[in-house]
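Thanks for coming. I will take one structure today and walk through it piece by piece, beginning with a loop.

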Amino acid sequence: MPYSDIREFIARLEQEGEIAHIKAEVDVNYELGAVCYKAFNIPDPEKRKALIFEKPKGHNVPIAVNLLGTRKRMCLALDTVPERFHGDWIERAKNSIKPVVVESGPCHEKVYTGNDVDLTKFPVPIWNEKDGGPYITMPCWFAKDPETGWRNVGMYRCQVHDRKTVGIWAGPYRHINMQWRKAFAKGENFPVAIAIGPDPVVTIATIANCGYGEDEMNLAGALRGKPVDLVKCKTVPLEVPSTTEFVIEGWIKPGHMKQEGPYGEAYGYYGESNMREYVEITAITHRNNPIHQASYLHRTPNEATFTRLPWEAEALVQYPTGGLISVNIIDSVAIASIKKTYDGQGKMSGMGILGTTSGRLLKVIIIVDEDVNPYNLQDVMWAISSRCQPERAVEIMKDISTAGIDPSISEEHKRDKTSLTSKMIIDATKPVSRPFAEAVAPQKEALARVEKEWEKYGIR
Ligand SMILES: Cc1cc2nc3c(=O)[nH]c(=O)nc-3n(C[C@H](O)[C@H](O)[C@H](O)COP(=O)(O)O)c2cc1C
Ligand SMILES: [Mn+2]
């Protein structure tokens, strides 16, 4: 049964013991971020609980942080388990289900327009010492292509500039940026609607890598097994999920920019501050007793790492070359195992993964044989150490698009804002057309007997 809203998901997380409630009053300026930093700074990322701050100082709106911040919680959101995650995603994604527009929804229980628009009434944290201001960190931006009407939904953090404006940073490769440039070329303003706290599957589909021209809400429907209910916005010609906690509506105008950033980005570094587009807000709507869903990102792995789990499934489906078994994506590194049947297949696989929609943000691809588990990093190091010669196994390609938040991008490409990087494929597979050293193993019969009688050796 799909969740109809984030409240049902939170109830499920409660049952699973996945939430810690902070009942003390917490200041949204810096204190709340410091609590998150300390709570999430524990070695096993799977043990980090989601945090619900019940009393942000001066407000009566709770803030729920990192609801999707572990592999387990991502699986609970999609009603699956880690072992079935990729298979379930691939199967469900095959049957795209279009959203339906319904008459009304709880996201409009309270509506503020005109002079009543005031973002400072709601708790928005300044998370880190050097952040350029308060940030809404899990906003799902709904927009349409001004020529084709194609709906795109993407997650782009919002700096709160003042009562009536929020900033955006969406790189030139982001779909919303491609869409607004079409409107600007015609001299038109660009309408947007920002949904904060829709049902968790909508959020996951928002972050997923749908192709250019694809509506993320069709994917959300597929993953839920049921259409997403949308309602018409109050002041812009767009629709948003009806059960969303908060909605911000407004317009981005050509040539209108404000200083945006710095912000503690997904890789765990402050990004650069620059002149960037912003939204002039025309309406804020919310449910009764709304919840502000947010994400705290510091050094990885963090919630952005885990919400990228679908990228692995997407790479598996879109991969064009055959033989791919499994992919482990950790930030910008992908480790893939293949069933190798011909020489040169390792590098073909690396290029294949770089060519999927997930590939744009990947920087290092490591290919291993089927006997190496890509989720076992010790195994992967064994393969790199013993199965490849760098002069032949490593391929480096220059000037390819990546994430603008990668702090290692060259000064030149930071300046020209092209976000170009070099990429590397490490082919750590054995050759197939000539003999290679055999991996050590005990005698088969002896091993079978030992496994059967394991208890008798008393090794625990
Ligand atoms: C918590 C979180 C915050 C994000 N913030 C941004 C952002 O500020 N700017 C951006 O370009 N991408 C950001 N992303 C990545 C995009 O949302 C994501 O890759 C999405 O697929 C982009 O959608 P699009 O392909 O339709 O443009 C963020 C992802 C997460 C999980
Ligand atoms: Mn998109």
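Tyrosine 30 is where I start: it counts as partly exposed, because 14 other C-beta atoms lie within 10 Å, and partly exposed is the class between 12 or fewer for exposed and 20 or more for buried. Please keep in mind that this is a predicted model. Tyrosine 30 sits in the loop that connects strand S1 (19-26) with helix H2 (31-40). Its phi is positive, near 75°, and the residue is not a glycine. Most residues other than glycine have a negative phi, and most peptide bonds are trans.

There is another residue of this kind. Aspartate 79, also not a glycine, has a positive phi of about 50°. Aspartate 79 belongs to the loop between H3 and H4. It is classed as partly exposed, because it has 15 C-beta neighbours inside 10 Å.

Now the peptide bonds. The bond from glycine 261 to proline 262 is cis, with omega near -5°. Proline 262 is in the loop between strand S14 (246-260) and strand S15 (274-286). Threonine 300 and proline 301 are likewise joined by a cis peptide bond, with omega about 0°. Proline 301 is in the loop between strand S16 (292-294) and H8.

On to the overall layout. The domain assignment splits the chain into domain 1 (6-303) and domain 2 (319-427). Their centres, taken over C-alpha atoms, are separated by 29 Å. Eleven residues of domain 1 contact eleven residues of domain 2. On the domain 1 side of that contact there are four nonpolar, five polar and two charged residues.

Next, the interior. Nonpolar side chains in soluble globular proteins tend to be buried together. Here the largest nonpolar core has 115 residues, and those with the most contacts inside it are Phe142, Val192, Ala193, Ile194, Ala205 and Val240. Strand S11 (residues 190-196) contributes the most to this core, with six residues. Where does this core lie with respect to domain 1 and domain 2? Both domains give residues to the core, so it lies between them.

Take valine 192 as an example from that core. Leaving out residues up to four places away in sequence, valine 192 touches Trp141, Phe142, Ala143, Val236, Gly250, Ile252 and Val279.

Trp141, Phe142 and Ala143 bring us to strand S7 (residues 139-144). How many of the six residues of S7 are buried? Six of the six are, so to speak, under cover. In a regular strand the side chains alternate between the two faces of the sheet. In S7, Pro139, Trp141 and Ala143 point one way, Cys140, Phe142 and Lys144 point the other way, and all are buried.

S7 has two partners to mention. It runs antiparallel to S11, joined by four bridges, and tryptophan 141 has isoleucine 194 as its bridge partner in S11. S7 also pairs in the antiparallel sense with strand S8 (residues 151-155), over five bridges. In that pairing lysine 144 stands opposite arginine 151. S7 and S8 make a hairpin with six residues between them, and glycine 149 in the turn has a positive phi of about 80°.

Then the stretch between the assigned domains. Helix H9 (residues 309-318) is mostly covered, with seven of its ten residues buried. These are Leu309, Pro310, Trp311, Ala313, Glu314, Ala315 and Leu316. They pack against several elements, among them helix H3 (71-77), helix H6 (200-207), S17 and helix H10 (345-354).

After H10 comes a loop leading to S19, and glycine 355 is in it. Its C-alpha atom is 7.7 Å from that of tyrosine 319, although the two residues are 36 apart along the chain.

Last, a sheet. It is open, has five strands in the order S17-S18-S19-S21-S20, and shows mixed pairing. Strand S17 (324-330) and strand S20 (394-401) are the edges, each pairing on one side only. On average, neighbouring strands are turned by 20° against each other, direction ignored. Helix H11 (residues 377-387) packs on this sheet and touches strand S18 (333-338), strand S19 (364-369) and S21, with its direction at about 85° to that of S19. S20 pairs with strand S21 (residues 420-427) in the antiparallel sense over six bridges, and serine 401 stands opposite leucine 420 there.

That is what I have; questions are welcome.

Note on methods:
Residues numbered from 1 in each chain as written. Chains lettered and ligands numbered in written order. Predicted model: local features only at pLDDT ≥ 70, side-chain atom pairs only at ≥ 80, totals over all residues. Core = buried A, V, L, I, M, F, W, Y, C linked by C-beta atoms within 7 Å. Helix = DSSP H or I, 4+ residues; strand = E, 2+ residues; numbered from the N terminus. Domains from an automatic or database assignment. Contact = placed C-beta atoms within 7 Å. Pairing = 2+ DSSP bridges. Axes fitted to C-alpha atoms, helices over the stretch in contact; angles between N-to-C directions. Nonpolar A, V, L, I, M, F, W, Y, C, P; charged D, E, K, R; others polar.
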